[in-house]
Amino acid sequence: MVNIKNQNHKLAIIGININGGSLVELDNFERTIYQGKQYNISPDSNLNINEIVNKALKDAEVESNAKIAVIIVSDEDNTANLPFTHTATSKTVFSAIQMAQKLLAVKEVDTVAIASVASPNSPALNGGLVLIDAESITNNQRIYAIIDAVTIPQNSSPKAQTITQTCQQAFNIAGIKAEDIGYLEICGSCISEPNQLEIKELVAAYQTSASELNCAVGSLKTNIGNDVSSEMGSLIKTALCLYYRYIPAVPEWSNPKYPELWQGSSFYVQTQSKPWFLAAETNKRIAAINGFSNGNIAHLILSESPLVQERDSRYLAQMPILLFPLAADDLTTLIEQIKVLETKISQSDSLAVAAAQTFATYLSDQNATYAVGILGRNLKELQRETQRAIKGIEKAFETGGEWKTPVGSYFTAKPLGKKSKVAFVYPGAYSSYLGIARNLFRLFPKIWDSPVIQSVYSRVAGIEKFVYPRSLNALTKRQLEVLEQELIDNPLSMLESEVGIAGLMSAVLRDYFGLQPDCCFGYSVGETTMAIAQGIWTDFSSISSGLNSSQLFNSRLCGAKNAVREYWRLTDAETKSDFWRNYVLMAGVSEVKEQLKKESRVYLTQINTPREVVIAGDIAACQRVIASLGCNAIAAPFNHAIHCEAMASEYDEFVKLHTLPINNQPQIEFYSAAEYETFKPDSEVMGHNIAKVLCEQFDFPRIVNRLYEAKARIFVEVGAGNACSRWIGENLKGREHTTISLNRRGIDEYTSLLRGLAQLLSQRVEIDLSPLYNLNYLVNDLESKASSPEVREVQKTVPQSTSPKSEFTLNNQNQNQNKNHEVMVTLSPHYWSNFSMQELQTSANSSKDIEVLHFANPQLNTASSNENIANFKAPSTLINKKLNSTSTSNKKLSGLINSHAKAISETDRQSSQSQAIFLQARQSSFNQMVNMVELHLSMLNQQIK
């Protein structure tokens, strides 16, 4: 007898499938989760369990000789529709997971697949999971999530005590506390229409000692269907959120029903998805799922894998706006390419494929003199952009200027990249805002593991609540304005968020697009940001800790502004009210300086352009200066003392805080406004440089002109906002240059980035655009389109094969006996009844019998398929011919494409004319795949060269 350990056996989720669809369908599901939209379930949702299981196993990359158990979860009245000779069902996904725990604990089974199929009477999500023992995972294995615990009470009557105890038992088994859980999924009821008893007891179970909103809550129940679909959908959703590390939004959320039940809870609801940062006291992301329906109670704990995994960037390939790069050495050839592109997009079934094909062509011309980047979201917009491009580019050649559109398409007739330098400019504080960079981590998942991000991670996570505020209710516009002012009034949080954003953008440009600057400089405190973002310093936590413990931004320069009080020798009576203010003036520098001679307590702190400056000092005195100048002026968003002699007493404190070990010496020219010159990274030099910059007047035109003298012509603003880009444009007006800002409020991060890449492309700066074109994803997309509704309509006319529905052939059993069984366990042919009947009954933890279903060796009926492949030679021959003409480095690709060709060309040999119609419908998709082969091979050959 095998002693089976029950509830504390951890499992790893290594494979997922949605509705028997391709990888594209899974991505579509995940995309709706991230974007806070409802997942639309097709009426044609796949009820073929065999296909769901097989595709989940394919996603998991399970070896063909693995010992596999299959557990089916379905409605009780749906057994007749399951594609097996012998069927039985599980009441819940949670009980199926418990069975999987026990089967894997015996170690006679390597893998367990769980498939859920809802009633065919109404559309519902059908899904599959592949689980293995968490102790058997390997370093190169993709792990969506770890199941740490699942608890199902023996007596599932919906009592308050039972719910609370079930949650606490799950916490204990997983070895965690309630405050460790960052996300709770409610799958038994909809969060907008919750069960009052469930919410009341969840609030009690998740109560923490600190009254903080530390656990997001959501649900997928809204439109998923019945309980089985809701459970499977919630489990897949939560696993994906852990894998991609984000807190999901709740669609169309406003306020909770029964608000009195939620009072004093630790729960909050996200109306927009956000990056899932770890709290300081936790070392991994943990989520939970609560099941509560039809008298069944369960609580499941999941966590992210402890292994370092490289997440895919498929989400990037699915973005709706596309970049079409074209290059040529003369106007005539470039215009011809635009006309070819216009025809291509009009005839293409997939704009993403057309963009990738255009990129492949561009690779052979990437060293050409001129290039244009054409952007668009749809066919109509792209047609408009290409039509405008012809006239716009012709005019640009005539005038020696540039052509650009509101969409972001860009061309210049005088590219600067080959003859000048690229400079990164890091903006100062007070450009950050609520929700900034919300999508960067989802678009570019590799940046989670970037050394620069790791250096600022602890502090970014600390200010996350400021940048992405938490609330149980959807925040109103007025509430958001108040919260943003609180962020602005917290100078350290603003500084830390600026550093984090600049670090993120620098990592994206370097790690994804291969862009490193020739030189760097910063605006004011941007010099600190520059040092961290470029990896000169790698321990931002020590800087942040020093700043937070210092009185600099607490009482010396902010708040009471004691440094100014002491310099002015103010009495308590003189400083009872606020006495200091910063103003932005639209006035000439010389005029302002002349007026300041009359005021001893007003300072010219920053010169942004010859006609825009910042003054600071005594409020009444500043207002007198503004009145005398008669200029436009506004109060600055910040109100601390900096860049003037009134706070110069803090020089030594700044030196101490910024004298740090040098960790890297990038081959980049670094400039400082301390001497308006280059400097070599050195601990003491940088400490004094930053102190001097912050304690003296800052002259932005001077530092910009110094870089211009050093042949910097392309200025990329790496950080929040576009203020520095605007000032550089004013300072270099009339001289050849270009400015590129990568973040503008009101424009999503990806669109801003793509516009910047289009500019860099046309300026002929060396960048790698390949991350924008995910060929593997596009191949999967083409496969999914082969099963589009139009093709399925044709498929319905094809005579059905006489081969069994399932790949598995079961021994004859009495189906009627199985209708009372709670769980069906189907074992692969590699597992021949190593369980005794008594062991299986023990592992099921049920008084009901569990019947072992022995499979005959499952083999596809491939005879007719092989003959069919032989009779369908043209496409296969075409692919082989193209593959054989390439280098041996493409053998792996050859195998992949051949497998696709085989799958597409398989059909029944004895089909009639309707079957030929079906083949013809799929031929279009196949031809596109052939084009993708050419594309992929072209790109590979370019990389080899």
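1. Let's start in the middle of things. The largest nonpolar core has 185 residues, and I13, I114, F444, I447 and W580 are the ones that touch the most other members. Please keep in mind as you look around that this is a predicted model.

2. Which residues is I114 in contact with, leaving aside its neighbours within four places in sequence? Try clicking on I114 to see them: the list runs I71, V73, A96, I97, A100, G127, G128, L129, L131 and M232.

3. There is also a second, separate core, made of 28 residues. Look for A174, I176, I186 and V250, which are among its members.

4. Now turn to strand β13, which spans residues 322–328. Why can we call β13 largely enclosed by the rest of the structure? Because 7 of its 7 residues are buried, meaning under 20% relative accessible area. Both faces are covered: L322, F324, L326 and A328 are buried on one side, while L323, P325 and A327 are buried on the other.

5. The partner of β13 is worth a visit too. Strand β14, residues 370–376, pairs with β13 in the antiparallel sense, over 7 bridges. To follow one of them, start at F324 and cross to I374, its bridge partner in β14.

6. Finally, step back to the whole protein chain. You will find 34 helices and 31 strands. Of its 945 residues, 59% are buried. Taking contacts between residues at least 6 apart in sequence, 79% join residues at least 24 apart. The chain exposes about 38700 Å², with carbon and sulfur atoms supplying 46% of that area.

Note on methods: Residues numbered from 1 in each chain as written. Predicted model: local features only at pLDDT ≥ 70, side-chain atom pairs only at ≥ 80, totals over all residues. Heavy atoms only, no water. Buried < 20%, exposed > 50% of the residue type's maximum accessible area, 1.4 Å probe, protein only. Helix = DSSP H or I, 4+ residues; strand = E, 2+ residues; numbered from the N terminus. Pairing = 2+ DSSP bridges. Core = buried A, V, L, I, M, F, W, Y, C linked by side-chain atoms within 4.5 Å. Contact = heavy atoms within 4.5 Å. Areas by Shrake-Rupley, 256 points an atom, 1.4 Å probe, with all protein chains shown as cover.
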